[in-house]
Amino acid sequence: MALVDRIAQPWGERTPYRPGQPWPARVDTFLDSGVQESQVQRWARSASLLHSNGDAMDIAVADGRIVGVRGRAADRVNRGRLGPKDLYGWQANNSPDRLTAPLIRQDGRLVECGWDTAMQRIAERSRQLLESHGPGAIGFYTTGQLFLEEYYTLTVIARAGIGTNHLDGNTRLCTATAGEALKESFGCDGQPGSFTDVDHADVIALYGHNVAETQPVLWMRMLDRLDGPEPPRLLVVDPRRTVPAERAAVHLAPRPGTNLALMNALVHEVIRRGAVARDFVRDHAIGFDDLAAAVADCTPDWAAAICDVPAAAIGRAAELIAGAEKLTSTVLQGFYQSHQATAAAVQVNNLHVLRGMLGRPGCGVLQMNGQPTAQNTRECGANGDLPGFRNWANAEHVAELADLWNVEAEQIPHWGPPTHAMQMLRYAEQGSIKMLWISGTNPAVSLPDLHRVRSVLSQERLFTVVQDIFLTETAELADVVLPAATWGEKTGCFTNADRTVHLSEKAVDPPGAARPDLDIFLDYAQRMELRDKDGQPLIAWTDAEGAFEAWKACSAGRLCDYTGLSHGRLRQEPSGIQWPCTEDRPQGTERLYSDGQFWARPAEAETYGKDLETGAAFTESDYRAWNPEGRSLLRSAVYFPAPEVPDEEFPLWLTTGRTLYHFHTRTKTARAPQLNRAAPEVWVEMSAGEAERRGLAEGDLAEISSARGRLRARVRVAHVRDGVLFVPFHYGYFDVPGGPPDRRNQAGSAANETTITAWDPASKQPLFKACAARIAAVEGAAVASAEASSAPTTTASAPAGRSANLVPPTIGGPDALSTSTSTSTTTRQD
Ligand SMILES: Nc1nc2c(c(=O)[nH]1)N[C@H]1C(S)=C(S)[C@@H](COP(=O)(O)OP(=O)(O)OC[C@H]3O[C@@H](n4cnc5c(=O)[nH]c(N)nc54)[C@H](O)[C@@H]3O)O[C@H]1N2
Ligand SMILES: Nc1nc2c(c(=O)[nH]1)N[C@H]1C(S)=C(S)[C@@H](COP(=O)(O)OP(=O)(O)OC[C@H]3O[C@@H](n4cnc5c(=O)[nH]c(N)nc54)[C@H](O)[C@@H]3O)O[C@H]1N2
Ligand SMILES: [Mo]
């Protein structure tokens with residue numbers, strides 16, 4: 001057993017292994033100071049809720065409180081390991097400033113009230129609006145952080161009960177492009193690959209994915225391969241030198257917003273080098289000739305000029321891909337939130353189809369998820385799709401749902417695509433959406449162009465409901481605030497980025513009057529007297545298990561088939577189980593498409609496809625003629641420059657993203673002392689050369705501004721490419737830990753003050769990763785300089801050049817010591 005400061009050593013000890021071997025177990029545990037393992041009275045099953053990796057863990061309970069967590073060795077996802085947020089993040093549950101009673105706005109102020117008053121007000125407003133303006137006046141904006149049972153219930157309420165088309169998740173900001181890219185290439189959402197592909201791969205490509213910080217346990221798996229015999233070679237595409245980039249055989253650092261040009265060049269090179277698996281493509285794909293023609297002129301030299309990456313480096317990357325025997329690729333926000341997102345992400349799928357590398361060990365595409373339960377938002381249809389990956393444009397699919405819910409098909413809106421979140425915001429701005437119910441998301445920090453978002457959400461005429469566990473920046477603008485119970489306080493399932501389903505059990509009671517999100521939705525359905533066409537209650541279930549059983553019926557026969565699972569089974573199985581899981585396949589399914597059969601036949605596909613350049617939808621008859629046999633589709637698009645590019649006034653690219661130690665708007669991680677101390681305030685990363693050109697140095701206070709807004713941050717001279725600024729988006733207006741909201745940050749520390757209202761035409765995912773900005777020192781030397789910014793040194797924000805010597809290393813200290821017990825004999829510190 002080792003005691004490790006997991007702030008200073010985020011990935012802990014190595015347990016190297018060779019290709020094809022199982023990943024050795026290592027059990028990580030962290031308990032509150034002063035609590036011994038023998039004092040833990042109960043361990044409740046769960047998995048991590050602070051990213052999409054789905055690290056299986058047990059929650060330690062003593063005297064009715066959560067006192068720690070321990071990874072589960074038997075689980076396929078993490079083999080016992082936990083990341084820093086997994087280890088320390090749970091402390092937010094016990095924070096004294098949790099919401100414990102509903103609040104309603106009275107005379108401009110939010111005041112406490114009872115559940116009956118709050119829910120009555122919501123139901124009354126809903127009924128009035130339905131009568132005066134119809135279902136289109138009501139919108140629901142949810143999250144990727146509730147449980148499957150909650151999403152399914154919300155979907156049935158919104159689609160079949162209220163009958164509104166305005167239901168979307170913050171998954172629109174997160175993994176809409178993952179879903180869309182899978183639909184466009186394979187006909188249907190659903191992760192083809194498996195995390196175990198890392199155990200076999202000889203080449204691992206990371207496209208805009210800082211896996212070391214955002215899925216640290218998956219990075220531990222990769223590190224253990226890298227340190228073992230016959231290690232894989234890494235390709236990293238990221239404008240910053242991230243921790244994975246330091247270990248890469250090839251690191252391409254393109255200009256933000258130019259991914260598609262780079263990908264078209266990689267596709268061009270793979271074809272030119274004769275690395276196409278001709279038989280596989282002939283038998284299992286359509287569109288090869290069109291793709292080859294589309295990339296014919298996309299040479300490395302052409303892309304090098306656009307991306308500002310050496311052509312020779314693009315050649316080396318192509319060589320890796322063309323020469324791989326087992327290629328595993330992951331894609332995340334550096335692609336999904338950047339320009340031409342779907343088109344770029346689809347090229348990664350294309351590379352796998354071209355190389356015939358799908359459905360076999362080591363040959364996986366992972367169009368990653370971000371949020372822990374984003375997969376469930378998507379499969380349950382709380383994201384602007386229909387449940388069970390059904391196609392809104394397919395009348396048969398709508399009829400199936402109408403049957404299942406016992407409502408008329410016309411009750412389920414399907415005259416056009418479900419409204420996406422950015423469009424819902426627009427409708428609220430224009431006044432046609434008059435009630436917006438926000439659950440489990442903090443748009444006043446996380447949406448682009450915050451000045452606009454605040455003005456929309458604070459309108460008098462918009463009735464806003466916010467369901468959260470803290471009084472967030474968004475909750476402050478609400479008319480009604482509902483206090484939710486969260487992870488550890490309620491039971492439900494969720495599915496990670498490689499389709500592994502875990503049950504998360506209630507470990508303790510929620511604080512005060514807080515209630516599970518499911519109970520809140522069920523209460524609403526009851527008050528609204530939502531009925532089916534026979535006058536029976538539309539929602540027949542009353543608890544999470546009932547909701548799960550209802551969902552199983554909805555998923556039956558679809559790609560995301562859950563019929564072989566139950567709460568009871570998930571409670572007993574040693575490990576999480578990957579869907580599809582049916583009676584015939586009780587142990588679930590490791591990889592999709594192993595038989596070269598896709599879920600793309602016209603009758604079953606989730607989409608009839610879209611033009612990737614414009615987003616224009618193809619019709620059913622187009623698709624029937626185009627892909628009658630349901631093969632995978634090799635899709636292409638022409639590169640165009642991003643909607644906003646640097647100019648004289650705003651000469652730099654601004655890109656945004658994450659740090660290892662914080663989760664999103666920090667409502668949880670700022671309340672975990674070890675995590676908060678590791679990254680206490682916002683910073684801006686820039687290269688040494690760029691800093692010098694702008695007259696800035698490490699620790700200077702600078703103002704970053706765009707055409708929309710500005711923020712202030714201390715400079716970290718880091719390994720980011722010239723011409724680019726990187727700002728973490730975690731920091732809102734409230735300086736949270738303990739006490740009432742502190743408005744010190746009002747001057748602006750939120751990256752989204754500056755980001756642009758623009759989105760990918762196909763997935764509608766906003767563009768958080770590419771806009772134009774400028775930076776200047778804040779006048780007044782007294783406030784302007786600190787020795788160093790407080791940005792972490794263990795991550796992509798590690799100091800570069802001269803500043804490396806100035807900056808004290810990020811450490812956790814005594815209260816960050818956690819234990820690791822490894823079964824392998826060859827461990828060493830990393
Ligand atoms: N620690 C931590 N982990 C998390 C989360 C968190 O908040 N904190 N959130 C979870 C969620 S919801 C998500 S969606 C995931 C996100 O996980 P990631 O996508 O890995 O995280 P990001 O930092 O948003 O972006 C990844 C990288 O994209 C690069 N990038 C920026 N612009 C471009 C570009 O134009 N092209 C390319 N190729 N790269 C670019 C950035 O430099 C950055 O390193 O993380 C999940 N895990
Ligand atoms: N500039 C920039 N902006 C971005 C991104 C970026 O990379 N750059 N990334 C985008 C991405 S990928 C994402 S996923 C979003 C994330 O953006 P948000 O979803 O706004 O971020 P969170 O802080 O996770 O907000 C979740 C909220 O739910 C609350 N909550 C937690 N658990 C529960 C629960 O069980 N029930 C309820 N009712 N509430 C709960 C939390 O307190 C918190 O207020 O941000 C997006 N915005
Ligand atoms: Mo996300």
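The following dialogue examines how several descriptions of this predicted model are reached.

Visitor: How many aromatic pairs does the structure hold, and what makes the pair of Phe186 and Tyr593 tilted?

Guide: The structure holds 21 aromatic pairs. The ring centres of Phe186 and Tyr593 are 5.5 Å apart and the planes meet at 40 degrees. A pair requires centres within 6.5 Å, and planes under 30 degrees apart would be stacked, whereas those over 60 would be edge-to-face. The value of 40 degrees satisfies neither condition, so the pair is called tilted.

Visitor: Why is the pair of Phe186 and Tyr593 said to tie together parts of the chain?

Guide: Phe186 belongs to helix α4 (residues 176–186), while Tyr593 lies in the loop between β22 (577–578) and α23 (620–626); the parts are 407 residues apart in sequence, so the pair ties them together.

Visitor: How do you know whether Phe186 and Tyr593 are buried or exposed?

Guide: Buried means under 20% relative accessible area. Phe186 has 0% relative accessibility and therefore counts as buried. Tyr593, with a relative accessible area of 7%, is buried as well. Tyr593 also has a positive phi of about 65 degrees, although it is not a glycine.

Visitor: Why is the pair of Tyr207 and Phe335 called tilted?

Guide: The centres of Tyr207 and Phe335 are 5.5 Å apart, with 55 degrees between the planes. Because an angle of 55 degrees is neither under 30 nor over 60, the pair is tilted. Tyr207 is in strand β10 (residues 203–207) and Phe335 in helix α13 (residues 333–336), so that the pair links parts of the chain 128 residues apart. Both residues are buried: Tyr207 has 1% relative accessibility, and Phe335 has a relative accessible area of 1%.

Visitor: Which residues form one aromatic cluster?

Guide: Tyr152, Trp541, Phe548, Trp551 and Tyr562 form one such cluster.

Visitor: What makes the charged end of Arg81 one that sits over the ring of Trp23?

Guide: The charged end of Arg81 is 3.8 Å from the centre of the Trp23 ring. The distance limit is 6 Å, and the charge must also be within 35 degrees of the ring normal. Arg499 is likewise placed over the ring of Trp579, 5.8 Å from its centre. Trp579 is joined to Pro580 by a cis peptide bond, with omega about -5 degrees. Pro580 is in the loop between β22 and α23.

Visitor: How do you know that the span of helix α12 agrees with expectation?

Guide: Helix α12 (residues 311–323) has 13 residues, which at 1.5 Å a residue should span 18 Å; its end C-alpha atoms are 18 Å apart, and therefore the two agree. The buried residues of α12 include Ala313, Ile314, Ala317, Leu320 and Ile321.

Visitor: Why is helix α8 described as largely enclosed by the rest of the structure?

Guide: Of the 14 residues of α8, 13 are buried, so the helix is largely enclosed. Helix α8 (residues 259–272) reaches 20 Å from its first C-alpha to its last, close to the 20 Å expected. Gly274, which follows α8, has a positive phi near 70 degrees.

Visitor: Why are α3 and α20 called roughly parallel?

Guide: The axes of helix α3 (residues 148–162) and helix α20 (residues 517–527) come within 9 Å and cross at roughly 20 degrees. Angles under 35 degrees count as roughly parallel, and α3 and α20 are therefore described in that way. The crossing of α3 with α20 is left-handed.

Visitor: What makes α4 oblique to α14?

Guide: The helix α4 packs with helix α14 (residues 341–354) at an angle of about 50 degrees, with the axes 9 Å apart. This angle is not under 35 degrees, not from 65 to 115 and not over 145, so α4 is oblique to α14. Their crossing is right-handed.

Visitor: Why is Gly535 called partly exposed, and Gln340 buried?

Guide: Gly535 has a relative accessible area of 37%, which lies between 20% and 50%, so it is partly exposed. Gly535 is in the loop between α20 and α21 (544–555). For Gln340 the relative accessible area is 9%, under 20%, and therefore Gln340 is buried. Gln340 is in the loop between α13 and α14, and its phi is positive, near 50 degrees, in a residue other than glycine.

Technical notes: Residues are numbered from 1 along each chain as its sequence is written. Chains are lettered from A and ligands numbered from 1 in the order in which they are written. This is a predicted model: local features need pLDDT of at least 70, side-chain atom pairs count only at pLDDT 80 or more; totals for chains, interfaces and linings use all residues. Side-chain values use heavy atoms; hydrogens and water are left out. Rings of Phe, Tyr and Trp (its six-membered ring) pair if their centres lie within 6.5 Å; planes under 30 degrees apart count as stacked, over 60 as edge-to-face and the rest as tilted. Helices (H or I, at least four residues) and strands (E, at least two) are DSSP runs, numbered from the N terminus. Buried means under 20% relative accessible area, exposed over 50%, partly exposed in between (1.4 Å probe, protein chains only). The expected span of a helix is 1.5 Å times one less than its number of residues. Axes are lines fitted to C-alpha atoms, for helices over the stretch in contact, and angles run from 0 to 180 degrees between N-to-C directions. A crossing is left-handed if the near helix is turned anticlockwise from the far one by less than a right angle, and right-handed if clockwise.
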